[in-house]
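Trainee: Could you walk me through this structure and the labels people put on it? I'd like to see where each label comes from.

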Amino acid sequence: MATRKRARQSALSWAAAGGPVAPQPASGRGRGSRRPPRIGAPGLTDLGAGASLLYAPGAAPPSLLADLTTEVDWLQRDVTVFGRTVPQKRLVAYQASPGVPPYTYSRLTLDPAPFSPSVLAARDAVVAAGVAAGVPAGALRFNACLCNLYRSGADAMGWHADAERAAYGDARDMCVGSASFGEAREFFLRRAADPSDRLLFRLGAGDVLLMLGATQAHWQHAVPARAGVAGARVNLTFRRDVRAAGWWGEG
Ligand SMILES: O=C(O)CCC(=O)C(=O)O
(Lines give C-alpha, C1' and ligand atoms only; values in the text may rest on other atoms or scores of the structure.)
Protein backbone atom coordinates (compact mmCIF):
# COMPACT_ATOMS: atom_id res chain seq x y z
CA MET A 1 0.00 0.00 0.00
CA ALA A 2 1.37 3.36 -0.95
CA THR A 3 2.39 5.60 1.89
CA ARG A 4 0.91 9.05 2.12
CA LYS A 5 2.92 12.09 3.03
CA ARG A 6 1.38 15.49 3.29
CA ALA A 7 3.30 18.11 1.37
CA ARG A 8 4.01 20.96 3.75
CA GLN A 9 6.15 23.43 1.84
CA SER A 10 4.81 26.13 -0.42
CA ALA A 11 4.11 24.39 -3.71
CA LEU A 12 6.26 26.72 -5.77
CA SER A 13 9.32 26.11 -3.60
CA TRP A 14 9.55 22.63 -5.08
CA ALA A 15 10.14 23.98 -8.54
CA ALA A 16 13.73 22.80 -8.70
CA ALA A 17 13.30 19.67 -6.62
CA GLY A 18 13.22 17.22 -9.56
CA GLY A 19 11.65 13.78 -9.67
CA PRO A 20 12.68 10.14 -9.73
CA VAL A 21 12.64 9.70 -13.51
CA ALA A 22 15.19 11.33 -15.80
CA PRO A 23 13.70 13.99 -18.09
CA GLN A 24 13.23 12.84 -21.70
CA PRO A 25 14.71 14.71 -24.68
CA ALA A 26 12.51 17.51 -25.94
CA SER A 27 11.68 15.81 -29.25
CA GLY A 28 8.71 13.83 -27.90
CA ARG A 29 9.94 10.82 -29.89
CA GLY A 30 9.75 7.32 -28.55
CA ARG A 31 8.30 3.92 -29.37
CA GLY A 32 5.49 4.22 -31.88
CA SER A 33 6.16 7.91 -32.47
CA ARG A 34 7.97 8.07 -35.81
CA ARG A 35 5.63 10.60 -37.35
CA PRO A 36 5.89 14.11 -35.92
CA PRO A 37 2.79 15.03 -33.97
CA ARG A 38 0.11 17.22 -35.49
CA ILE A 39 -0.06 20.55 -33.70
CA GLY A 40 -3.40 21.11 -31.97
CA ALA A 41 -5.37 24.13 -33.17
CA PRO A 42 -7.62 26.43 -31.15
CA GLY A 43 -11.34 25.63 -31.34
CA LEU A 44 -12.99 22.29 -31.93
CA THR A 45 -11.07 19.38 -33.46
CA ASP A 46 -12.92 16.32 -34.71
CA LEU A 47 -10.81 13.23 -33.95
CA GLY A 48 -13.24 10.83 -35.62
CA ALA A 49 -15.21 7.93 -34.14
CA GLY A 50 -17.18 10.28 -31.89
CA ALA A 51 -14.10 11.81 -30.25
CA SER A 52 -13.39 15.53 -30.28
CA LEU A 53 -11.41 18.23 -28.51
CA LEU A 54 -12.00 21.84 -27.65
CA TYR A 55 -8.89 23.97 -27.17
CA ALA A 56 -9.50 27.43 -25.73
CA PRO A 57 -6.17 29.19 -25.12
CA GLY A 58 -6.28 31.71 -22.29
CA ALA A 59 -9.90 30.98 -21.35
CA ALA A 60 -9.11 30.75 -17.62
CA PRO A 61 -7.48 33.53 -15.54
CA PRO A 62 -3.72 32.77 -15.34
CA SER A 63 -3.62 34.67 -12.03
CA LEU A 64 -5.37 31.73 -10.30
CA LEU A 65 -1.96 30.03 -10.03
CA ALA A 66 -1.01 31.79 -6.80
CA ASP A 67 -4.20 30.76 -4.99
CA LEU A 68 -4.09 27.24 -6.40
CA THR A 69 -0.62 26.65 -5.01
CA THR A 70 -1.59 27.80 -1.52
CA GLU A 71 -5.29 26.82 -1.19
CA VAL A 72 -5.02 23.26 -2.47
CA ASP A 73 -3.82 20.65 0.02
CA TRP A 74 -1.12 19.11 -2.21
CA LEU A 75 -0.02 15.57 -1.43
CA GLN A 76 3.14 13.71 -2.28
CA ARG A 77 2.06 10.11 -2.86
CA ASP A 78 4.17 7.01 -3.31
CA VAL A 79 3.56 4.65 -6.21
CA THR A 80 4.80 1.11 -6.75
CA VAL A 81 6.33 0.54 -10.18
CA PHE A 82 7.61 -2.96 -11.00
CA GLY A 83 7.78 -3.77 -7.30
CA ARG A 84 9.67 -0.58 -6.40
CA THR A 85 8.01 2.10 -4.30
CA VAL A 86 8.95 5.60 -5.41
CA PRO A 87 7.48 9.07 -4.91
CA GLN A 88 4.92 9.90 -7.60
CA LYS A 89 6.37 12.34 -10.14
CA ARG A 90 3.99 15.15 -9.20
CA LEU A 91 1.90 16.33 -6.29
CA VAL A 92 -1.81 15.62 -6.37
CA ALA A 93 -5.09 16.57 -4.72
CA TYR A 94 -8.69 15.62 -5.28
CA GLN A 95 -11.61 17.99 -4.74
CA ALA A 96 -15.28 17.25 -5.24
CA SER A 97 -18.88 18.11 -4.45
CA PRO A 98 -20.47 16.65 -1.30
CA GLY A 99 -21.42 13.00 -1.82
CA VAL A 100 -18.64 12.19 -4.29
CA PRO A 101 -16.81 9.09 -3.03
CA PRO A 102 -13.02 8.61 -2.89
CA TYR A 103 -11.26 8.20 -6.23
CA THR A 104 -8.92 5.27 -6.86
CA TYR A 105 -6.45 5.10 -9.75
CA SER A 106 -3.11 3.30 -10.10
CA ARG A 107 -3.92 1.62 -6.75
CA LEU A 108 -3.93 5.03 -5.01
CA THR A 109 -7.04 6.28 -3.29
CA LEU A 110 -7.69 9.99 -2.93
CA ASP A 111 -10.30 11.24 -0.48
CA PRO A 112 -12.13 14.25 -1.87
CA ALA A 113 -11.72 17.62 -0.16
CA PRO A 114 -14.36 20.32 -0.69
CA PHE A 115 -13.83 22.54 -3.71
CA SER A 116 -11.60 25.51 -2.93
CA PRO A 117 -12.49 28.95 -4.37
CA SER A 118 -9.66 28.96 -6.94
CA VAL A 119 -10.60 25.49 -8.23
CA LEU A 120 -14.25 26.58 -8.50
CA ALA A 121 -13.17 29.71 -10.39
CA ALA A 122 -11.22 27.52 -12.81
CA ARG A 123 -14.24 25.22 -13.18
CA ASP A 124 -16.44 28.20 -14.07
CA ALA A 125 -13.92 29.19 -16.77
CA VAL A 126 -13.80 25.66 -18.21
CA VAL A 127 -17.60 25.44 -18.28
CA ALA A 128 -17.88 28.91 -19.87
CA ALA A 129 -15.39 27.93 -22.59
CA GLY A 130 -17.41 24.79 -23.30
CA VAL A 131 -20.75 26.64 -23.40
CA ALA A 132 -19.29 29.34 -25.70
CA ALA A 133 -18.21 26.62 -28.14
CA GLY A 134 -21.63 24.93 -28.08
CA VAL A 135 -20.76 21.94 -25.88
CA PRO A 136 -24.06 20.73 -24.38
CA ALA A 137 -24.43 21.97 -20.79
CA GLY A 138 -25.22 18.42 -19.65
CA ALA A 139 -21.68 17.35 -20.54
CA LEU A 140 -20.21 20.10 -18.39
CA ARG A 141 -21.73 19.27 -14.99
CA PHE A 142 -18.39 18.55 -13.34
CA ASN A 143 -18.53 17.43 -9.71
CA ALA A 144 -14.92 16.36 -9.18
CA CYS A 145 -11.44 17.62 -9.95
CA LEU A 146 -8.09 15.85 -10.00
CA CYS A 147 -5.42 18.47 -9.33
CA ASN A 148 -1.82 17.92 -10.45
CA LEU A 149 1.18 20.03 -9.52
CA TYR A 150 4.26 19.52 -11.71
CA ARG A 151 7.06 21.07 -9.66
CA SER A 152 9.45 21.28 -12.64
CA GLY A 153 10.09 19.57 -15.97
CA ALA A 154 11.15 16.43 -14.07
CA ASP A 155 7.54 15.89 -13.02
CA ALA A 156 5.37 14.17 -15.57
CA MET A 157 2.32 12.06 -16.33
CA GLY A 158 2.53 8.81 -18.32
CA TRP A 159 0.24 7.62 -21.11
CA HIS A 160 -3.26 6.88 -19.93
CA ALA A 161 -6.95 7.53 -20.59
CA ASP A 162 -9.34 8.88 -17.97
CA ALA A 163 -11.60 5.92 -18.47
CA GLU A 164 -12.36 4.61 -14.98
CA ARG A 165 -15.81 3.31 -15.85
CA ALA A 166 -16.85 2.79 -12.22
CA ALA A 167 -16.32 6.46 -11.45
CA TYR A 168 -16.85 8.32 -14.69
CA GLY A 169 -19.26 6.19 -16.69
CA ASP A 170 -19.02 5.28 -20.34
CA ALA A 171 -15.71 6.31 -21.97
CA ARG A 172 -17.58 6.56 -25.29
CA ASP A 173 -19.45 9.59 -24.01
CA MET A 174 -17.51 11.47 -21.39
CA CYS A 175 -16.24 15.01 -20.98
CA VAL A 176 -13.00 15.79 -19.16
CA GLY A 177 -12.25 19.50 -18.94
CA SER A 178 -8.79 20.75 -18.06
CA ALA A 179 -7.27 24.09 -17.16
CA SER A 180 -3.54 24.76 -16.93
CA PHE A 181 -1.63 27.37 -14.95
CA GLY A 182 2.00 28.37 -14.61
CA GLU A 183 4.74 26.92 -16.80
CA ALA A 184 3.71 25.81 -20.29
CA ARG A 185 4.10 22.07 -20.87
CA GLU A 186 3.60 19.74 -23.79
CA PHE A 187 0.42 17.68 -23.71
CA PHE A 188 0.38 14.80 -26.17
CA LEU A 189 -2.55 12.69 -27.32
CA ARG A 190 -2.08 9.45 -29.24
CA ARG A 191 -4.63 7.22 -30.94
CA ALA A 192 -4.85 3.92 -29.03
CA ALA A 193 -5.20 1.92 -32.26
CA ASP A 194 -2.26 3.72 -33.94
CA PRO A 195 0.12 5.31 -31.41
CA SER A 196 2.11 6.97 -34.20
CA ASP A 197 -0.90 9.25 -34.78
CA ARG A 198 -0.21 11.97 -32.24
CA LEU A 199 -1.43 15.45 -31.47
CA LEU A 200 0.50 18.03 -29.49
CA PHE A 201 -0.79 20.97 -27.50
CA ARG A 202 1.55 23.27 -25.66
CA LEU A 203 -0.68 24.10 -22.70
CA GLY A 204 0.24 27.43 -21.16
CA ALA A 205 -1.13 29.61 -18.37
CA GLY A 206 -4.91 29.86 -18.54
CA ASP A 207 -5.32 27.39 -21.41
CA VAL A 208 -8.42 25.22 -21.37
CA LEU A 209 -8.74 21.86 -23.13
CA LEU A 210 -11.86 19.73 -23.20
CA MET A 211 -11.71 16.08 -24.24
CA LEU A 212 -15.18 15.22 -25.47
CA GLY A 213 -17.35 12.30 -26.54
CA ALA A 214 -15.37 9.12 -27.14
CA THR A 215 -11.87 10.65 -26.70
CA GLN A 216 -11.14 8.57 -23.58
CA ALA A 217 -12.22 5.41 -25.42
CA HIS A 218 -9.94 5.90 -28.44
CA TRP A 219 -7.10 8.16 -27.34
CA GLN A 220 -4.52 8.31 -24.57
CA HIS A 221 -2.76 11.39 -23.28
CA ALA A 222 0.48 12.20 -21.46
CA VAL A 223 2.66 15.05 -20.19
CA PRO A 224 6.27 13.93 -20.72
CA ALA A 225 9.15 15.03 -18.52
CA ARG A 226 11.21 17.81 -20.04
CA ALA A 227 14.78 18.80 -19.26
CA GLY A 228 15.32 22.50 -18.68
CA VAL A 229 11.82 23.36 -17.47
CA ALA A 230 12.35 24.95 -14.06
CA GLY A 231 8.93 26.43 -13.35
CA ALA A 232 5.93 24.81 -11.72
CA ARG A 233 2.68 23.99 -13.49
CA VAL A 234 -0.76 23.26 -12.07
CA ASN A 235 -3.28 21.30 -14.12
CA LEU A 236 -6.86 20.72 -13.04
CA THR A 237 -8.94 18.04 -14.72
CA PHE A 238 -12.65 18.30 -14.09
CA ARG A 239 -14.78 15.20 -14.32
CA ARG A 240 -18.23 13.97 -13.42
CA ASP A 241 -18.34 11.13 -10.93
CA VAL A 242 -21.51 9.28 -11.86
CA ARG A 243 -21.65 7.48 -8.50
CA ALA A 244 -22.42 10.70 -6.64
CA ALA A 245 -25.96 11.23 -5.42
CA GLY A 246 -27.92 13.41 -7.77
CA TRP A 247 -25.94 12.73 -10.91
CA TRP A 248 -29.12 11.82 -12.71
CA GLY A 249 -30.40 15.29 -11.99
CA GLU A 250 -28.69 18.57 -11.35
CA GLY A 251 -26.47 17.41 -8.46
O1 LIG B 1 -1.46 17.74 -16.74
C2 LIG B 1 -2.19 17.55 -17.70
O3 LIG B 1 -2.36 18.37 -18.60
C4 LIG B 1 -2.90 16.22 -17.82
C5 LIG B 1 -3.46 15.69 -16.54
C6 LIG B 1 -4.08 14.34 -16.74
O7 LIG B 1 -3.83 13.69 -17.71
C8 LIG B 1 -4.99 13.79 -15.74
O9 LIG B 1 -5.23 14.40 -14.69
O10 LIG B 1 -5.50 12.68 -15.99
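Mentor: Let's go label by label, from the whole chain down to single residues.

Mentor: This is a predicted model, where local features need pLDDT of at least 70, side-chain atom pairs count only at pLDDT 80 or more, and totals for chains, interfaces and linings use all residues. Residues are numbered from 1 along each chain as its sequence is written.

Trainee: What makes something a helix or a strand in this chain?

Mentor: Both are DSSP runs numbered from the N terminus: H or I of at least four residues for helices, E of at least two for strands. The chain comes to four helices and 16 strands.

Trainee: Why is Leu-149 called buried or exposed?

Mentor: Buried takes 20 or more other C-beta atoms within 10 Å of the residue's own, exposed takes 12 or fewer, and partly exposed is in between, with C-beta atoms placed from the backbone. Leu-149 has 25 such atoms, so it's buried. You'll find Leu-149 in strand S9. Its C-alpha lies 9.5 Å from that of Leu-68, and the two are 81 residues apart in sequence. Across the chain, 41% of the 251 residues count as buried.

Trainee: And how do you know which class Val-100 falls in?

Mentor: Count again: 22 other C-beta atoms within 10 Å, so Val-100 is buried. Val-100 sits in the loop between S6 and strand S7 (103–105).

Trainee: What does Val-100 touch, leaving out residues up to four places away in sequence?

Mentor: Pro-112, Asn-143, Ala-144, Asp-241 and Ala-244. Contact here means that the C-beta atoms, placed from the backbone, lie within 7 Å.

Trainee: What makes Ala-49 and Phe-82 stand out for me to look at?

Mentor: Their phi angles: Ala-49 is at about 55 degrees and Phe-82 at about 50 degrees, both positive although neither is a glycine. Most residues other than glycine have a negative phi. Ala-49 is in the loop between strand S3 (43–48) and strand S4 (51–56), while Phe-82 is in the loop between strand S5 (75–81) and strand S6 (84–96).

Trainee: Why do Ala-49 and Phe-82 get the exposure labels they have?

Mentor: Ala-49 has 15 C-beta neighbours inside 10 Å, so it's partly exposed. Phe-82 has 5, so it counts as exposed.

Trainee: How do you know whether H1 and H2 are parallel or oblique?

Mentor: The axes of helix H1 (residues 64–71) and helix H2 (residues 117–132) come within 8 Å and cross at roughly 135 degrees. Axes are lines fitted to C-alpha atoms, for helices over the stretch in contact, with angles from 0 to 180 degrees between N-to-C directions. Under 35 degrees is roughly parallel, over 145 roughly antiparallel, 65 to 115 roughly perpendicular, and the rest oblique. H1 and H2 are therefore oblique to each other. Leu-64, Asp-67, Leu-68 and Glu-71 of H1 meet Pro-117, Ser-118, Ala-121 and Ala-122 of H2.

Trainee: What makes a group of residues a nonpolar core?

Mentor: It's a set of buried Ala, Val, Leu, Ile, Met, Phe, Trp, Tyr and Cys residues joined through C-beta atoms within 7 Å. The largest one here has 54 residues, with Val-126, Cys-145, Cys-147, Val-208 and Leu-210 having the most contacts inside it. Leaving aside neighbours within four places in sequence, Val-126 is in contact with Ala-60, Gly-177, Ala-179, Val-208 and Phe-238.

Definitions and conventions. Contact = placed C-beta atoms within 7 Å.
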